[in-house]
Amino acid sequence: EKWKFEYKLGVQQEAFSTKWNYIGNGSLHYKIADPLEVFIEYYAQFKNEEEPDHNVGGGLAYQIGRSVELYLSSGTRIISNERNHFYAGGVAFRLP
């Protein structure tokens with residue numbers, strides 16, 4: 001399969017607080033060639049009594065075997081006067 005859609009919904013507790021935030025994520029992946037894929041994603045954090053944070057990003061993922069993946073990504077905050085650009089890279093491990 002060349003195309004894959006993923007989504008996640010959840011809650012997280014703010015650091016050093018008793019307040020909880022709602023989080024959501026959706027991403028569309030396209031496999032260019034095995035093991036390389038590109039992706040775009042949208043994610044948001046809905047904070048208690050504050051305006052939500054909306055973000056978009058994209059990147060590359062490279063699968064090493066069945067259990068390890070390298071990735072690079074970047075993105076920015078949207079629907080806000082305050083821009084926040086970010087860059088990330090890392091290694092992901094699949095647990096059995």
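1. Let me start with R77, which is buried in this predicted model. Its relative accessible area is 14%, which falls below the 20% limit for a buried residue. The partner of R77 is E82, and the closest N and O atoms of this salt bridge are 3.5 Å apart. E82 itself counts as exposed, at 55% relative accessibility. This salt bridge therefore joins a buried arginine to an exposed glutamate.

2. You may like to look at D53 and K47 next. Their side chains form a salt bridge with the closest N and O atoms 3.6 Å apart. Here the acidic residue is the buried one, since D53 has a relative accessible area of 17%. K47 is partly exposed, with a value of 26%.

3. A further salt bridge is worth a glance: K31 and D34 meet at 3.7 Å, N to O. Neither side chain belongs to the buried class, because K31 is partly exposed at 30% relative accessible area and D34 is exposed at 68%.

4. How many salt bridges does a search of the whole structure find? The count is five. Besides the pairs above, K4, E6 and E37 are linked to one another in a network of salt bridges. Please keep those three residues in mind, as they come back with the pocket.

5. Now to the fold. Six strands make an open sheet in the order 1-2-3-4-5-6, and the pairing is antiparallel. Strand 1 and strand 6 are the edge strands, each pairing on one side only. From one strand to the next, the twist averages 20°.

6. The pairing of strand 2 with strand 3 can be followed residue by residue. These two strands run antiparallel and are joined by 11 bridges. One position to check is G24, whose bridge partner in strand 3 is A44. The connection between strand 2 and strand 3 is a hairpin of two residues.

7. On its other side, strand 3 pairs with strand 4, again in the antiparallel sense, over 10 bridges. Two positions help to fix the register: E41 stands opposite G57 in strand 4, and Y43 has N55 of strand 4 as its bridge partner. Strand 3 and strand 4 form a hairpin with six residues between them. Within that turn, do look at E49, which has a positive phi of about 60°.

8. My next point concerns the largest pocket, which holds about 590 Å³ of space. Which strands contribute to its lining? Strand 1 (3–13), strand 2 (20–33), strand 3 (36–46), strand 4 (53–64), strand 5 (68–78) and strand 6 (85–93) each supply at least two residues. The edge strands 1 and 6 are thus represented in the lining along with the strands between them.

9. Finally, the make-up of that lining. It has 26 residues, which divide into 12 charged, eight nonpolar and six polar. K4, E6, H29, E37 and E69 lie nearest the centre of the pocket. Among them are K4, E6 and E37, the three residues linked in the salt-bridge network. When you inspect the pocket, these residues are a good place to begin, as they tie the salt bridges to the lining.

Notes:
Residues numbered from 1 in each chain as written. Predicted model: local features only at pLDDT ≥ 70, side-chain atom pairs only at ≥ 80, totals over all residues. Heavy atoms only, no water. 1 Å grid on protein atoms, 1.4 Å probe; cavity = no way out; pocket = protein on both sides within 12 Å on 5 of 7 lines; lining within 4 Å. Points joined across faces, edges and corners; volume = space filled by probe spheres on them. Helix = DSSP H or I, 4+ residues; strand = E, 2+ residues; numbered from the N terminus. Nonpolar A, V, L, I, M, F, W, Y, C, P; charged D, E, K, R; others polar. Salt bridge = Lys/Arg side-chain N within 4 Å of Asp/Glu carboxyl O. Buried < 20%, exposed > 50% of the residue type's maximum accessible area, 1.4 Å probe, protein only. Pairing = 2+ DSSP bridges. Axes fitted to C-alpha atoms, helices over the stretch in contact; angles between N-to-C directions.
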